[in-house]
Amino acid sequence: MIHCFEALETRLAGAACRYLLYDVNPPEGFNLRRDVYIRMASLLKTLRKEGDWVLVLPPWGRLYHWQSPDIHQVRIPWGEFFSVTSLQAKIPVIEYEEFIAESGGPFIDQILVLQSYAEGWTDGKWEEKVDERPCIERLMYSKDKQNYYRGWFWGYEETRALNVTCLSAQGHASILAPFLQNNLSATSVMLDRAETVLHDHYAGKDYWDTRRSMVFAKHLRIIGDEFRAKYLNSTDKQDQTPYNEDWTQMKNRLGSAKGGPYLGVHLRRKDFIWGHREDVPSLNGAVKKIQSLMKKHKLQQVFVATDADEEELAKLKRMLPEMVRYEPTWEDLELLKDGGVAIIDQWICAHARFFIGTSVSTFSFRIHEEREILGFDPKTTYNRFCGDDENECEQPTHWKIVY
Ligand SMILES: C[C@@H]1O[C@H](OP(=O)(O)OP(=O)(O)OC[C@H]2O[C@@H](n3cnc4c(=O)[nH]c(N)nc43)[C@H](O)[C@@H]2O)[C@@H](O)[C@H](O)[C@@H]1O
């Protein structure tokens, strides 16, 4: 897709490009950030009804969970993890460095820090609204000697903002559109704490179109596919998981995918062990469940994606010696980064005959979606471990794909 600066017609008409930038609360992880992208994409679509807006992709980096030492993990462009041309087939997006080049400098005109309403819901009634309000929390921006605002800006130290204000917002992403269109003349506007606004229509057609456009970068898919073939006897042909580079042409019938002859497991540990004590199993509990699923589905192999620490991993290996994992060398990790390794893990889990994930983990949710796109029977996808003290537990919701 051509964005405004490339379109000759636009330049002749003299129409100015407007840039929408965004960022997310620092502690949030990779997979919630992927969800916020979908919310921003629907806002951009609404904005484009009345102006030539482009979405600037916030570089990846400094995420709490990306702790591999000695690896440079800031200012990572989206192209390292996703196919940017695929994103562009849905909405006009550019990388941050393109924004700097096109907009003529590292300045952002206006930052709007999104926040909720200090008074909460009025009379306990939910209503959608947006208002400029004093900032509730201390700002993560400070003025420099020239009176410009410094901030994190994804590790781009030369970036400054000209103005920072707060906006109380309650509702879906597109409720911001009239404010951006009518109250601001700024060319570049950044929404900070963009996770504050909700999806326009969760799991509707537009949601799924944007989600489908978030195609993983080709090199990561290739590494995942080679691993499947080499260690898990899994190929798209055998497994009936055909993939089309062009997501707009891909429509696998639900239930048509067979999947590779292995159980796929996402076992979230680290902060989830204490943060979700009731619904995350002990290692013993997880291994018991894995073994019973392998027996039930007559699978000899199990692929485990996990963020378990060394100690837990050693235990897991002892309890489940047949476990297969994707273990990058240091050189691989330096190249792929923690985000790339996470995607490869997700890709391999997405191709398993049967999948079980971890309760409320967005890492598992993104695997569900990938399997939905590949055409798996929902029964093989929407499964999660129960906590040790739960006999039965509520299983994840099936969000049916819409074309
Ligand atoms: C409640 C929220 O939960 C959120 O976690 P949750 O949704 O699981 O999922 P994410 O937001 O992706 O955060 C988990 C991060 O941990 C790593 N990780 C987790 N599981 C795996 C795995 O199986 N393989 C690999 N390679 N990496 C894994 C990876 O970097 C991933 O992005 C938190 O990010 C938020 O901060 C918050 O705590």
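Trainee: Which element gives the largest share of the shell around the ligand?

Mentor: In this predicted model, the largest share comes from α12, which contributes three residues. The elements that each give two or more residues to the shell are α2 (30-47), α9 (270-275), β11 (301-306), α12 (330-350) and α13 (362-374).

Trainee: Which of the residues around the ligand come nearest, and how do the residues of the shell divide by character?

Mentor: Of the 20 residues around the ligand, the nearest are N31, H65, R268, S361 and T362. The shell divides into eight nonpolar, seven polar and five charged residues.

Trainee: What makes the pair formed by D345 and the ligand a polar contact?

Mentor: A polar side-chain atom of D345 lies 2.8 Å from a nitrogen atom of the ligand, and because the cut-off for such a pair of N or O atoms is 3.5 Å, the pair counts as a polar contact. By the same cut-off, H266 qualifies through a polar side-chain atom 3.0 Å from a ligand nitrogen atom, and A305 through a backbone N or O atom 3.3 Å from a ligand oxygen atom. Taken alone the ligand exposes 700 Å², of which the protein buries 84%.

Trainee: Why is T306, which lies in strand β11, called buried or exposed?

Mentor: T306 has a relative accessibility of 13%, and because buried means under 20%, T306 counts as buried. A polar atom of the T306 side chain lies 2.6 Å from the backbone oxygen of L267, and a polar atom of that side chain lies 3.0 Å from the backbone nitrogen of A308.

Methods. Residues numbered from 1 in each chain as written. Predicted model: local features only at pLDDT ≥ 70, side-chain atom pairs only at ≥ 80, totals over all residues. Heavy atoms only, no water. Near = heavy atom within 4 Å. Polar contact = N/O pair within 3.5 Å; in protein donor to acceptor, adjacent residues only side chain to side chain. Areas by Shrake-Rupley, 256 points an atom, 1.4 Å probe, with all protein chains shown as cover. Helix = DSSP H or I, 4+ residues; strand = E, 2+ residues; numbered from the N terminus. Nonpolar A, V, L, I, M, F, W, Y, C, P; charged D, E, K, R; others polar. Buried < 20%, exposed > 50% of the residue type's maximum accessible area, 1.4 Å probe, protein only.
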